[in-house]
Amino acid sequence: MTRPSTSLGLVIALIAAATFGLSGALAKPLLESGWSPAAAVTLRVLIGGIVLAPVAVIALHGRWATLWRARWRVLAMAVIGVAGTQLAYFAAIERIPVGTAVLIEYMAPLLLVVWAWARSRRMPKRVVLVGSIVALAGLILVVNPTGSVRLDVLGLTLALTAMVGCAIYYLVAAQPSEGLPAVALAGFGLLLGGVLLGAVGLSGLVPFTTSTADVAMFGGTVPWWLPLIIIGVVATAIAYSTSIAASEMLGSRLASFVGLLEVVAATFYAWLLLGEQLTGPQLVGGLLILIGIGFVRSEKTDAALEPASVPLLESNRP
C-alpha cells in the first residue's frame with residue numbers, strides 16, 4: 001500500500017491535535033457545574049457520532065458491504081479506542097493526579113516503538129530512540145505531574161490500561177482502509193462507543209450525573225448545551241475523523257507522536273479560555289515535543305515496514 005503525502009498527513013494530524021485539545025478547556029466549566037466526567041464524555045461521543053453519521057452514510061455511497069467487512073475494526077475502535085480508553089482514564093483520575101494519569105496515557109507512542117521492536121525483532125533506529133526520549137521529556141514538562149500524592153496501585157493500573165487503549169486506538173486507526181472512509185470509521189465507532197459508555201454510566205459502575213445550570217465561559221455565562229455542542233462537533237467529530245485519516249497516512253507510530261501535541265494544545269486553550277497560567281517549563285516542553293516529533297519524522301523507512309501498514313485485524317479482509 002502506498003501512503004499519501006506525509007506532509008498532508010502531518011497537517012491533518014495537527015488539525016486533529018488542535019481540535020482534540022479543545023475538549024479540556026470547554027469541558028472544565030461543565031464539570032464545575034455538576035457534570036460527572038463519564039456523563040460529559042458520553043454526551044460528547046454521542047453528539048460526535050450523530051454529527052458524523054449522515055456524512056459517513058454519504059461517504060459510503062451505498063457500499064455497506066465495505067462497512068460489514070470492516071466490522072471488527074469498527075468494533076475495536078468503539079470498544080477500545082473510544083469507550084474502553086476513556087473509561088479507564090476517568091477511573092484512573094479518581095485515584096491518582098490528573099497530570100500523572102495524562103502522562104502515563106500519553107506514553108502510548110513509546111509503547112508503539114517497543115511493540116514495533118518486538119514485532120520486527122529489529123532495534124529502532126537511533127533517531128527514533130532519541131526522538132522518543134526528547135518527546136517524553138517534553139511531555140513531562142508540559143503535564144508537570146505531582147509526586148506529592150501517595151502511590152495508588154489500582155489508579156496506576158487503570159492509567160496503564162488507558163495507555164494500552166490509546167496505543168491500540170492508533171494501531172486500529174492506521175490500518176489500511178480497504179475502502180472504508182475515515183469518516184465512516186469515526187462516525188460508527190463513536191455511535192457504538194457512545195452507546196457502550198451510556199450503558200456503563202447508567203449501570204452505576206461510574207458516577208453519571210448531569211446538570212442544566214448555566215456554565216461560566218467567555219467572560220460570562222452560557223447555556224450548558226453550548227460547550228457540549230462545540231465539544232461534540234469540533235473536539236470529537238472533527239477530531240476523531242481527522243485523527244483516523246492522519247493515522248492512515250502516517251502510520252501508527254508517527255501519528256501517535258504528533259498526537260502528543262494534543263497535550264500542548266490543551267494547555268494553550270486552558271491559558272487562552274480559562275486564564276490558567278502558562279509556565280516557562282511548559283513552553284520548553286512543547287518545543288521538546290516538536291523536536292522529538294521531528295526526530296521520529298526524519299527516520300527514513302519503507303512504508304511497507306511500518307507496523308500500521310500490515311493488517312492488524314485479519315477479519316477486515318474480504
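This passage describes the fold, cores and selected helices of a predicted model.

The protein chain is mainly a story of helices in its listing of elements: its secondary structure comes to 14 helices and two strands. Along the principal axes, the C-alpha trace spans about 50 × 50 × 35 Å. For 318 residues, a compact globule would have a radius of gyration near 20 Å, and the 19 Å of the protein chain agrees with this. Buried residues account for 50% of the 318 residues. Of the contacts between residues at least 6 apart in sequence, 90% join residues at least 24 apart.

We can turn next to the interior. The largest nonpolar core holds 71 residues, and those with the most contacts inside it are Met77, Leu139, Leu180 and Ile244. Helix 9 (residues 153-173) gives the most to this core, contributing 10 residues. A second, separate core has 17 residues, including Ala40, Ile47, Met217 and Ile231.

Two residues of the largest core show what such surroundings contain. Met77 is located in helix 5 (residues 71-93) and counts as buried because its relative accessibility is 2%, below the 20% cut-off. Not counting residues up to four places away in sequence, Met77 touches Val82, Tyr169, Val172, Ala173, Leu185, Gly189 and Ile244. One of these partners, Ala173, is 96 residues from Met77 in sequence, yet the C-alpha atoms of the pair are 7.6 Å apart in space. Leu180, with neighbours within four places left aside, is in contact with Leu60, Thr66, Leu67, Ala70, Arg73, Val74, Leu185 and Glu248. Leu185 thus appears in the contact lists of both Met77 and Leu180.

Helix 8 and helix 14 make a helpful pair to read together. The 18 residues of helix 8 should span 26 Å at 1.5 Å a residue, and the end C-alpha atoms are indeed 26 Å apart. Its buried residues are Val128, Gly131, Ser132, Val134, Ala135, Gly138, Leu139, Val142 and Val143. The elements that cover them include helix 6 (98-105), helix 7 (108-120), helix 12, helix 13 and helix 14. Just after helix 8 comes Asn144, with a positive phi near 55 degrees.

Helix 14 (residues 280-297) also has 18 residues, and it reaches 26 Å from its first C-alpha to its last, close to the 26 Å expected. Gln282, Gly285, Gly286, Ile289, Gly292, Ile293 and Val296 are its buried residues. Seen down the axis of helix 14, these residues fall within an arc of 120 degrees, so they line one face of the helix. The pattern is a familiar one: an α-helix has 3.6 residues a turn, so residues three or four places apart point the same way. On the other side of helix 14, Leu283 and Leu287 are exposed. The buried residues of helix 14 pack against helix 8 (126-143), helix 12 (252-258) and helix 13 (261-274).

Finally, a polar residue in the interior deserves a look. Thr19 sits in helix 1 (residues 6-20) and is buried, with a relative accessible area of 11%. Its side chain reaches the backbone oxygen of Ile15 at 2.8 Å. Beyond residues up to four places away in sequence, Thr19 touches Val234, Ala235, Ile238, Ala239 and Thr242.

Methods: Residues numbered from 1 in each chain as written. Predicted model: local features only at pLDDT ≥ 70, side-chain atom pairs only at ≥ 80, totals over all residues. Heavy atoms only, no water. Helix = DSSP H or I, 4+ residues; strand = E, 2+ residues; numbered from the N terminus. Buried < 20%, exposed > 50% of the residue type's maximum accessible area, 1.4 Å probe, protein only. Polar contact = N/O pair within 3.5 Å; in protein donor to acceptor, adjacent residues only side chain to side chain. Contact = heavy atoms within 4.5 Å. Core = buried A, V, L, I, M, F, W, Y, C linked by side-chain atoms within 4.5 Å. Expected span 1.5 Å × (residues − 1). Arc of directions from axis to C-beta. Rg over C-alpha atoms; globule rule 2.2 N^0.38 Å.
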